[in-house]
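Grab a coffee and work through these exercises with the model open beside you. Each one sets a task and then walks through a solution.

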Amino acid sequence: MQLNTLSMVHEFLKQHVRPGAFCIDATAGKGRDTALLCRLAGDTGRVLAFDIQEEAVTQTRALLEQEGLTAQVILNSHANMEQYAQAGTADCVVFNFGRLPGGDPAVFTRGPSSVAAIGAGLRLLKPGGVMTIALYYGKENGYGERDAVLAYLRGLDDRTCSVLCCDWANRRNDPPMPIFIWKER
Ligand SMILES: C[S@@+](CC[C@H](N)C(=O)[O-])C[C@H]1O[C@@H](n2cnc3c(N)ncnc32)[C@H](O)[C@@H]1O
């Protein structure tokens, strides 16, 4: 199978998320990332998942129930995630920007709230915690969100975190960029 952004992100999460971890899925969507985080964090861990669409919350809860997994799935913007967790407590925050596959095409992640949510996620991470981002762009989404997110990440102080932005150099059709962030200890 050809390597892709989601498989790279999932491999990274498998390497970094341990049983007992506190994880946040900032874009629940169909719940696939939430389910992976639940499996990795295990019975002793805790997972919060956010989405602004009722349909995504319903789909995520249905997937979790089908797989016998538990997470708190919250209908709210990821920009508000600090209302639900203490600063410096999360082991992992996951973003999968873009739109809900098969959902309302008018609802998708936007630069200002995405940047605010990444900032919130970084404050929630504990030292040594990790963040992943699948950064979609192009087509109907345009390039505004990608440019805003990359500008924000490039401005982060390297004493607080390290950011690795990967770019598919020769793939057609604007494939999402995998981005990995480590909060310094
Ligand atoms: C590409 S999908 C996520 C896919 C998902 N991680 C999965 O595994 O199926 C992006 C999701 O972000 C959601 N979204 C858009 N803006 C949001 C916001 N401000 N806060 C939280 N979720 C948002 C959309 O409703 C959509 O469901």
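**Exercise 1: around Val 93**

Work out which residues Val 93 touches, leaving out those up to four places away in sequence.

Solution. Val 93 touches Ile 24, Ala 26, Gly 121, Leu 124, Leu 125 and Met 131; contact here asks for C-beta atoms, placed from the backbone, within 7 Å. Before going on, note that this is a predicted model, where local features need pLDDT of at least 70, side-chain atom pairs count only at pLDDT 80 or more, and totals for chains, interfaces and linings use all residues. Residues are numbered from 1 along each chain as its sequence is written. Next, place Val 93 in the bigger picture: the largest nonpolar core has 48 residues, and Val 93 is among those with the most contacts inside it, along with Cys 23, Ile 24, Leu 37 and Cys 92. Such a core is a set of buried Ala, Val, Leu, Ile, Met, Phe, Trp, Tyr and Cys residues joined through C-beta atoms within 7 Å. Buried takes 20 or more other C-beta atoms within 10 Å of a residue's own, exposed 12 or fewer, and partly exposed is in between.

**Exercise 2: the buried side of α4**

Find which residues of α4 are buried, and what they pack against.

Solution. Start with the list: Ser 114, Ala 117, Ile 118, Ala 120, Gly 121 and Leu 124 are buried. They cover an arc of only 165 degrees around the axis, so they sit on the same side of α4; the arc is that of the directions from the helix axis to the C-beta atoms. Then look across: these buried residues pack against β1 (22-25), β4 (90-96), β5 (125-135) and α5 (144-154). Helices (H or I, at least four residues) and strands (E, at least two) are DSSP runs, numbered from the N terminus.

**Exercise 3: the two sides of α1**

Sort out which residues of α1 are buried and which are exposed.

Solution. First, Thr 5, Val 9 and Leu 13 are buried. Seen down the axis, the buried residues fall within an arc of 70 degrees, so they line one face of α1. On the other side, Ser 7, Glu 11, Lys 14 and Gln 15 are exposed. Finally, the buried residues of α1 pack against α2, β4, β5 and β7 (177-183).

**Exercise 4: Leu 164**

Decide whether Leu 164 is buried or exposed, and say what touches it.

Solution. Locate Leu 164 in strand β6 (residues 161-165). Count next: 11 other C-beta atoms lie within 10 Å, so Leu 164 is exposed. Leaving aside neighbours within four places in sequence, Leu 164 is in contact with Ile 179 and Phe 180.

Technical notes: Two residues are in contact if their C-beta atoms, placed from the backbone, lie within 7 Å.
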